[in-house]
Amino acid sequence: MNSRKVNIESRNEQFSTKIKSRITLEIPSDDNEFLAQQTYTHGYNVLDLMDHCDPIDNLFLIFKGELPNAIEKKILTKLSIFLMNQGPRTIAARTGANAGVGRTDVNHILPIAIMGMSGNYGGSKEVENAMRFVHRNVDKDAANVAKQCLADKPDDVEGDWIIAPGFGTDFRGQSPFLLDVKDKFMQACPDNGYLAWCQKFINALPAEKNCGWRLASIVAGVLLDLGIPARVGAGLFQLLASPTAFAHGVSFADKPITEIPFLKDEDYEIKPI
Amino acid sequence: MKSNQSKSIWQKNRGKISTNKGGWRIGEAIYNCGFSMMDDLVGKKSFFQTLVLNVTGKLPSEKMAHWFEASFICLSWPDSRIWCNQNGALLGTSQGSPVAGVAAGILSADSRMYGPGSISGGAEFIIRALAWSKQGLTPLDIIQKELASKYTKPGNKPVIVGYARPIATGDERVEAMEKVSKSLGFIEKEHLTLAFEIHKTLAEHYQENMNYVGYVTAFLVDEGFSVNEIHRIYSTWVHSGVHACFAEANDNIAGTFLPLACDDIEYVGKAPRKFPKNAQ
């Protein structure tokens, strides 16, 4: 026991004495240092942004530090509108709806819905992991990477066959709507970019087994083409996908609890131990 | 298993739940993993026995539940400088709900650096390390192999999960829990023995020590818990400390916990500039 005893010592690390921000500058008012006289985002006066920007310009500015060019704005607008219009079957919308109908404090519906979209199957974790996978492999031959993934992940699973983060089957099929969405992004994104690499990768997957695009691979390719790193991508996905998740959830906040199915006992099987 | 390209698994589960965990049969009983909650658990088993039962499906012994309870106390620090606790305090000072404050603190500790977020990495390491040890690797071999592996960033500073700690070196909770384990009559087994050998070697060569996650995961793997079970049991690990920090900040005058004046933020971004005329 004695040889296992250790001394507890501070590492004496030099912590910053102030929080740093490269995003926002707040100039204090003359008579109260807790109140701002002027506020700037990446150097632009927020009052000017209010006059001259739309939300997509401002969103891009916040994360990239510069206003978007026409192509970047077009891509981010499409991504925002696509993700903003997710349906009520998503886990995010359903967690929000359970909160809404369960009379959860309405302040919590959005954070609950956002937590609901954080998973590695259909959620932001899958987007993050897909971004890391594509970023790590984009300089490699897509067909060779696909060949290796197929060798590593044989189709011997129940449920969806995921051969790489963000890539595989989608309810054992391929969503026609998602493919149309993907085609729209392919038209807007660079021919030699990340989304284009994703297409090459998918071209080498067995189409007859419906192995290809998932939501995460589309979002990952687009975000990477916008220069967004994986560590930001997960949260940006959550941010952009949150409007309908919240809207679906809060739409139940003034409804009776009977508005959402509560399974009858015959549909809720408690298996014998 | 053969390829399953059908939608049957989803069709089968539409509008139906089939569970081993239990549930409410109105007017009959509430079942937890085969036990009747009101008849078998309430007043007869501890909260931690019930928690572990719900997670694993197996009712642990009283002494195992005591051990878990002690291990939760070890993460109940009421120090509002710690990141998860401070988030609880910030919700407290902004007059948020205690549920939101504590939930924010718990979620904050889903971290690669500390708290339950580091549990899986710690458990997976010691399982891997024992397999390597049985292949003949020494503790130093294991450390070097781990540091060079894809699981950690190669370099001089050891970043083995369970064997480093932010802010300080050494971990007083290891010694405290060793006392608890001995007093409850637990016998040390192979994962924990190896963990201490790695700890000793790491201290000699890298001036780092086993931390609390390293101890807990090695002990629990020895006691038959899986990586997923350990992670799930500890998902709310930090909540007691967050409660404390939320409560105090919430009791104090609103907005007075660590207030920031404009100049308390060091701006390191672009200097103020004119909005470009050609934008839009």
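Me: How many helices and strands does the secondary structure of chain A come to?
Reply: This is a predicted model, and the count concerns chain A of that model. The secondary structure of chain A comes to nine strands and 11 helices.

Me: Why is chain A described as more spread out than a compact globule, and what is its radius of gyration?
Reply: For 273 residues the globule rule gives 19 Å. The value for chain A is well over that, so the chain is more spread out than a compact globule. Along the principal axes, its C-alpha trace spans about 70 × 65 × 55 Å. The radius of gyration of chain A is 23 Å.

Me: What percentage of the residues of chain A count as buried?
Reply: A residue is buried when its relative accessible area is under 20%. Applied to the 273 residues of chain A, that cut-off gives a buried share of 41%.

Me: Of the area that chain A exposes, what percentage do carbon and sulfur atoms supply?
Reply: Chain A exposes about 15,000 Å². The part of this area supplied by carbon and sulfur atoms is 54%.

Me: Among contacts in chain A between residues at least 6 apart in sequence, what percentage join residues at least 24 apart?
Reply: The contacts considered are those in chain A whose residues are at least 6 apart in sequence. Within that set, the share joining residues at least 24 apart is 62%.

Me: How far apart are the mean positions of the positive and negative charges of chain A?
Reply: Chain A has 29 positive and 34 negative charges. Taking the mean position of each set, the two points are apart by 6 Å.

Me: Which strands are the edge strands of the open sheet with the order β3-β4-β5 in chain A?
Reply: This sheet has three strands with antiparallel pairing. Strand β4 (residues 36-41) of chain A is joined to β3(A) by five bridges, and within this pair Thr24(A) has Thr41(A) as its bridge partner. An edge strand pairs on one side only, and those of chain A are β3 (24-28) and β5 (44-45).

Me: Which residue in β4(B) is the bridge partner of Asn32(B)?
Reply: Chain B has an open sheet of three strands in the order β2-β3-β4, with antiparallel pairing. Its edge strands are β2 (22-25) and β4 (35-36). Strand β3 (residues 29-32) of chain B pairs with β4(B) over two bridges. In β4(B), the bridge partner of Asn32(B) is Phe35(B).

Me: In which loop of chain A does Arg103(A) lie?
Reply: Arg103(A) is not a glycine, yet its phi is positive, about 60 degrees. With a relative accessible area of 46%, Arg103(A) is partly exposed. The loop holding Arg103(A) is the one between α4 (91-101) and α5 (109-116).

Me: What is the relative accessibility of Gln95(B)?
Reply: Gln95(B) sits in the loop between α5 (83-93) and α6 (98-108) of chain B. Although not a glycine, Gln95(B) has a positive phi of about 60 degrees. Gln95(B) counts as partly exposed, because its relative accessibility is 47%.

Me: Is His191(B) buried or exposed?
Reply: His191(B) belongs to helix α10 (residues 190-206) of chain B. Not counting residues up to four places away in sequence, His191(B) touches Ile126(B), Ile127(B), Leu130(B), Ala218(B), Val221(B) and Asp222(B). The relative accessible area of His191(B) is 10%. The cut-off is under 20%, so His191(B) is buried.

Note on methods: Residues are numbered from 1 along each chain as its sequence is written. Chains are lettered from A and ligands numbered from 1 in the order in which they are written. This is a predicted model: local features need pLDDT of at least 70, side-chain atom pairs count only at pLDDT 80 or more; totals for chains, interfaces and linings use all residues. Side-chain values use heavy atoms; hydrogens and water are left out. Helices (H or I, at least four residues) and strands (E, at least two) are DSSP runs, numbered from the N terminus. The radius of gyration is taken over C-alpha atoms; the globule rule is 2.2 Å times the number of residues to the power 0.38. Buried means under 20% relative accessible area, exposed over 50%, partly exposed in between (1.4 Å probe, protein chains only). Contact means heavy atoms within 4.5 Å. Accessible areas come from the Shrake-Rupley method with a 1.4 Å probe; for residues, only the protein chains shown count as cover. Lys and Arg count as positive and Asp and Glu as negative; His and the chain ends are not counted. The place of a charge is taken as NZ of Lys, CZ of Arg, CG of Asp or CD of Glu. Two strands pair if DSSP finds at least two bridges between them.
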